[in-house]
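Visitor: Please take a close look at one kind of contact for me. I am new to this, so keep it plain.

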Amino acid sequence: MNLKQSQIVIAWGLTVGTAIIVGCDSKSESPAKPAVAAASPLLPTGFFLAKEPTGAKTVEEIKKAVKAGDTVTIQGLIGGSVEPFVEGRAVFTIMGSGLHHCGEKGSPMPDCATPWDYCCDPPKDIAAHSATVQVVDAAGAPLKVSLKGQNGVKELSNLVVVGKVSKSDGMLLVINATGAFIRHE
């Protein structure tokens with residue numbers, strides 16, 4: 001495993017590991033909402049797409065049928081842990097539609113303060129329904145900018161991401177994103 005792959009695995013592990021350790025606490029206060037920010041000059045020009053790409057598939061569908069190097073269009077909600085964004089890096093986790101976050105109707109914890117962490121589900125299920133999305137530089141390293149707050153992106157934002165599969169082993173899925181469309185529902 002080279003340094004880049006190690007960084008990806010560590011970032012994914014930290015993201016999913018936080019869900020395992022922290023969990024929900026319906027009595028805790030909600031975190032402050034991020035301010036809507038203009039796209040960072042560190043992100044590629046046109047990264048945030050004005051038009052939704054067609055043919056988006058769920059995380060679960062993509063995990064079943066791709067290999068490294070494939071170009072994909074994937075849809076999901078940002079979540080999977082208390083902190084689905086990697087601090088200071090253009091990396092986050094999205095969740096497929098196969099799991100429902102804690103705040104959704106019918107959830108065992110409808111008043112969960114951090115519904116995006118999917119703490120109502122076992123860590124094994126969270127991992128099975130998640131994918132890591134990153135925006136990388138020419139050398140393949142994640143850009144040194146947080147995506148949280150960019151164009152209003154936050155926990156539970158519904159995104160359609162276009163990119164190339166960097167790693168896929170049936171459980172771990174890493175996508176190097178070239179564009180993202182924010183679904184406002």
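Visitor: How many salt bridges does a search of the whole structure find?

Guide: The search finds 3 salt bridges. A salt bridge here is a side-chain nitrogen of Lys or Arg within 4 Å of a carboxyl oxygen of Asp or Glu. Side chains of opposite charge can pair when their charged atoms come close.

Some ground rules come before the details. This is a predicted model, so residues count for local features at pLDDT of at least 70 and side-chain atom pairs only at pLDDT 80 or more, while totals for chains, interfaces and linings use all residues. Residues are numbered from 1 along each chain as its sequence is written, and side-chain values use heavy atoms, with hydrogens and water left out.

Now the pairs. Take R183 and E52. Their side chains meet in a salt bridge, at 2.6 Å from N to O. R183 lies in strand 6, while E52 lies in the loop between helix 1 (3–21) and strand 1 (57–58), so the pair ties together parts that are 131 residues apart in sequence. Helices (H or I, at least four residues) and strands (E, at least two) are DSSP runs, numbered from the N terminus. How covered are these two residues? R183 has 24% relative accessibility and counts as partly exposed. E52 is also partly exposed, with a relative accessible area of 30%. The cut-offs are simple: buried is under 20% relative accessible area, exposed is over 50%, and partly exposed is in between (1.4 Å probe, protein chains only).

Next come K67 and D70. Their closest N and O atoms are 3.1 Å apart. K67 is exposed, with a relative accessible area of 55%.

Then there are E155 and K148. This salt bridge spans 2.9 Å, N to O. E155 is buried, at 10% relative accessible area. K148 is partly exposed, at 29%.

Where do these pairs sit in the wider fold? The protein has 3 helices and 6 strands. From the N terminus on, the order is α-β-α-β-β-α-β-β-β. Of the 185 residues, 47% are buried. A contact means heavy atoms within 4.5 Å. Among contacts between residues at least 6 apart in sequence, 71% join residues at least 24 apart. The protein exposes about 9,400 Å², and carbon and sulfur atoms supply 56% of that. Such areas come from the Shrake-Rupley method with a 1.4 Å probe; for residues, only the protein chains shown count as cover.

Strand 6, home of R183, leads us to strand 4. Strand 4 and strand 6 (residues 173–183) pair in the parallel sense over 3 bridges. Two strands pair if DSSP finds at least two bridges between them. V133 stands opposite I175 in strand 6.

Strand 4 covers residues 130–134, and 5 of its 5 residues are buried, so it is largely enclosed by the rest of the structure. In a regular strand the side chains alternate between the two faces of the sheet. In strand 4, S130, T132 and Q134 point one way, while A131 and V133 point the other.

Strand 3 (residues 91–95) joins strand 4 through 5 bridges, and the two run antiparallel. V91 is partnered with Q134 in strand 4. T93 is partnered with T132. Strand 3 is mostly covered too, with 5 of its 5 residues buried. V91, T93 and M95 point one way from strand 3, and F92 and I94 point the other way.

One step further lies strand 2 (71–78). Strand 2 and strand 3 pair in the antiparallel sense over 2 bridges. L77 has M95 as its bridge partner in strand 3. In the loop between strand 2 and strand 3 sits S81. S81 is buried, at 0% relative accessible area. Its side chain reaches the backbone oxygen of E83 at 3.1 Å.

Finish with V162, in strand 5 (residues 158–168). Its C-alpha atom is 6.2 Å from that of A180, although the two are 18 residues apart along the chain. Leaving out residues up to four places away in sequence, V162 touches several others, among them P53, V72 and N176.

Notes: A polar contact is a pair of N or O atoms within 3.5 Å; within protein, one must be able to donate a hydrogen and the other to accept it, and residues adjacent in sequence count only if both atoms are side-chain atoms.
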